[in-house]
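Student: I am new to this structure. Please pick one strand and take me closely through it and its neighbours.

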Amino acid sequence: MLRTRLLSVTAVSLSVWVGSTTPAISGSSDATITVTSPAADSVHPVNSSLFVGWRNDTGKEVDVWLAQDDGSGGTQRLFKLASKASSKPTSELVTAVPAVPDGTHYTVEVTTPDTGAHGYSAPFEVGPVPAAGPVVGTGADAGTGSRGTPGPSPSRVQTQDGHSPR
C-alpha cells in the first residue's frame, strides 16, 4: 500500500510538470560570469592548447564556446569547447584551438544554458605566433640580437600561457 501511494504521487508530479509550460528558472538576476583568460590580444595557433579561466557566481554548470565578432556589433558562436563545465566559483580548463580560419576578434564565451548568464573573454587572435621581435644586424651577424647573441627561434616562441605552440 505504501508503494501505491508513492507511485501515485510521483505520477501526479510528473504529469503536472509535463503538462505545464517550461518550468520557471529561479536564479539571481545579478549572477555573473567573468571570463579571466585567454588574455587580450594573445595569439593562439590552431590545434594549440587554449587556457580558459572564469569566475562564476551562478552556481550552475557552464558551456564554453569559441565565438567571433560578427561584424555588426554582436558575436557568433563557432565551436563548443566544453559542455557542462564546472559550477565552482573559480574554474579553468585547457582545450585545443579548433580548426578555424586565422583571424582576429575571437573570444571565448562562458554561459549557463539554463539561466542565460554569460561572459566573454577579451578579444584574441587565432593564427601563427609572431616572431619575438625584429632581427637586428646585417651580413655575418644577421639573425642575432643587438649584442651578437642569437635571437629566439620561431619554433621556441612561447604562447601567452607559457607553453610552446607545438
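Tutor: The answer below follows strand E7, its partners and the core.

This is a predicted model, so some limits apply: local features need pLDDT of at least 70, side-chain atom pairs count only at pLDDT 80 or more, and totals for chains, interfaces and linings use all residues. Residues are numbered from 1 along each chain as its sequence is written, and side-chain values use heavy atoms, with hydrogens and water left out.

First, the setting. The protein chain has one helix and nine strands. Helices (H or I, at least four residues) and strands (E, at least two) are DSSP runs, numbered from the N terminus. The helix comes at the start, and the strands follow it. Of the 166 residues, 30% are buried. Buried means under 20% relative accessible area, exposed means over 50%, and partly exposed lies in between (1.4 Å probe, protein chains only).

Now to E7. This strand covers residues 103–111. Seven of its nine residues are buried, so E7 is mostly covered.

Next, its partners. Two strands pair if DSSP finds at least two bridges between them. In general, strands of a sheet pair through backbone hydrogen bonds, either parallel or antiparallel. E7 runs antiparallel to E4, with six bridges between them. One bridge sets Asp 63 against Thr 111 in E7. E7 also pairs with E8 (residues 118–120), again antiparallel, through three bridges. Here Glu 109 stands opposite Tyr 120 in E8. Six residues separate E7 and E8 in a hairpin. Gly 116 sits in that turn and has a positive phi of about 85 degrees. E9 is another antiparallel partner, joined to E7 by two bridges. Tyr 106 has Phe 124 in E9 as its bridge partner.

One step further out lies E5. E4, already met as a partner of E7, pairs with E5 in the antiparallel sense over seven bridges. Val 62 stands opposite Ala 85 in E5. E4 and E5 form a hairpin with five residues between the strands, and its Gly 71 takes a positive phi near 90 degrees.

What does E7 add to the core? A nonpolar core is a set of buried Ala, Val, Leu, Ile, Met, Phe, Trp, Tyr and Cys residues joined through side-chain atoms within 4.5 Å. The largest one has 20 residues. Val 108 and Val 110 are among those that touch the most other members, along with Val 52, Trp 54 and Val 64. E7 is one of the strands that each supply at least two residues of this core; E1, E3, E4, E5 and E9 are the others. As a general rule, nonpolar side chains tend to be buried together in soluble globular proteins.

Val 52 shows how E7 is linked to other parts. Contact means heavy atoms within 4.5 Å. Leaving aside residues up to four places away in sequence, Val 52 touches Val 108, Val 110 and Val 64, as well as Ser 37, Ser 91, Glu 92 and Leu 93.

E3 also belongs to an open sheet of three strands, ordered E1-E3-E6 with antiparallel pairing. E1 and E6 (90–96) are its edge strands, each pairing on one side only. Four bridges join E1 to E3, and Thr 34 stands opposite Arg 55 in E3. Phe 51, also in E3, is partly exposed because its relative accessible area is 31%.
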